[in-house]
Amino acid sequence: MVALQRALGSHVTVLFGHEQGKYPDGNSVLVRGEHSSVVIDPALSARTMDPPLEVSTVLLTHTHEDHAAGVSAVRCDDVRVHEADLDALRSVDDLMRLYGLPPDAWPAMIDMVSDRFHFEGGPNATAVTDGEVLDLGGVTVTVVHAPGHTAGHCVYLIESLDGTRVVVTGDIDLSTFGPYYGDAASSLDDFENTLAKVRELQAHHYVTFHHKGVIDGHDAFAAAVDAYVAVFARRESALLDLLATPRTFDELVADGIVYRAGTRPPVFGESVERRSIQQHLDRVVANGAVATDGRQYWRP
Ligand SMILES: [Zn+2]
């Protein structure tokens with residue numbers, strides 16, 4: 001059994017991962033209706049359930065190694081993710097393309113996702129689309145496309161006949177680290193638009209995959225989203241601070257605005273920092289706050 005669970009109304013159960021879903025683990029959500037059932041983002045700890053989870057459908061908020069880590073331990077033939085993330089769920093090579101890793105980083109990353117996260121690639125996985133509703137009997141799950149973290153990232157709105165509304169937010173994790181948009185399939189612009197949209201979703205409970213776990217009530221959720229959104233501006237001002245003196249792109253990456261000195265993960269950390277800085281740099285160059293001669297950047 002997963003150590004800690006919490007029921008949210010009569011159909012929804014949160015299966016908390018180790019340390020409230022701290023990476024590499026995560027919090028999974030089980031929805032049981034009158035005739036079908038769904039598990040959303042079966043995490044590493046879902047592999048330890050005895051007997052194994054058995055559901056009609058596995059839904060992923062997006063294709064990342066930690067969100068799919070429990071898929072192969074769940075008894076289920078129907079695995080779905082948004083079409084923009086579908087290729088990456090079907091093949092490990094496409095997962096590497098979604099990350100946008102340089103070729104020399106592929107072998108170490110493929111070893112990691114295979115050995116540590118049991119990622120096998122599911123060629124039979126199929127797509128969900130924005131607005132699609134799964135009726136499980138007495139409870140529905142609605143797909144809400146929420147891109148930015150990945151192009152296919154979705155949140156799921158669960159509505160029970162008993163009146164309980166739950167939103168599963170995936171990697172809109174509302175952590176102090178802030179939004180992650182460092183993959184090839186990520187977008188800072190989309191993430192900002194998504195947060196404005198998701199902030200308006202009314203529910204009794206909000207479940208994040210990592211860190212926060214369950215947030216109760218819309219007021220607390222909206223405050224957490226606002227704090228999370230503020231990280232965009234913090235990173236941009238960190239970038240502008242670095243540009244008090246002219247720097248090349250590589251010098252900016254060496255200093256970093258996402259990972260503090262000494263905290264950059266091996267294998268993928270530098271690639272994430274590069275892509276994140278590039279997106280912020282594009283903005284501040286476009287709005288005239290930063291000038292460039294193609295080699296160096298500075299504040300005019
Ligand atoms: Zn993710």
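Three exercises with worked solutions follow.

The model is predicted: local features need pLDDT of at least 70, side-chain atom pairs count only at pLDDT 80 or more, and totals for chains, interfaces and linings use all residues. Residues are numbered from 1 along each chain as its sequence is written.

**Exercise 1.** Find what span helix 8 should have, and compare its end C-alpha atoms.

Solution. Helices (H or I, at least four residues) and strands (E, at least two) are DSSP runs, numbered from the N terminus. The expected span of a helix is 1.5 Å times one less than its number of residues. For the 18 residues of helix 8 (residues 269–286) this gives 26 Å, and the end C-alpha atoms are 26 Å apart, which agrees.

**Exercise 2.** State which residues of helix 8 are buried, and where they lie around its axis.

Solution. A residue is buried if 20 or more other C-beta atoms, placed from the backbone, lie within 10 Å of its own. In helix 8 these are Val272, Glu273, Ser276, Ile277 and His280. Taking directions from the helix axis to the C-beta atoms, the buried residues fall within an arc of 115°, so they line one face of the helix.

**Exercise 3.** Identify the partners of Val38 in strand 3 and strand 5.

Solution. Two strands pair if DSSP finds at least two bridges between them. Strand 3 (residues 28–32) and strand 4 (residues 37–40) pair in the antiparallel sense over four bridges, and Val31 is the bridge partner of Val38. Strand 4 also pairs with strand 5 (residues 57–59), in the parallel sense over three bridges; there Val38 stands opposite Thr57.

How values were computed:
A residue is buried if 20 or more other C-beta atoms lie within 10 Å of its own, exposed if 12 or fewer, and partly exposed in between; C-beta atoms are placed from the backbone.
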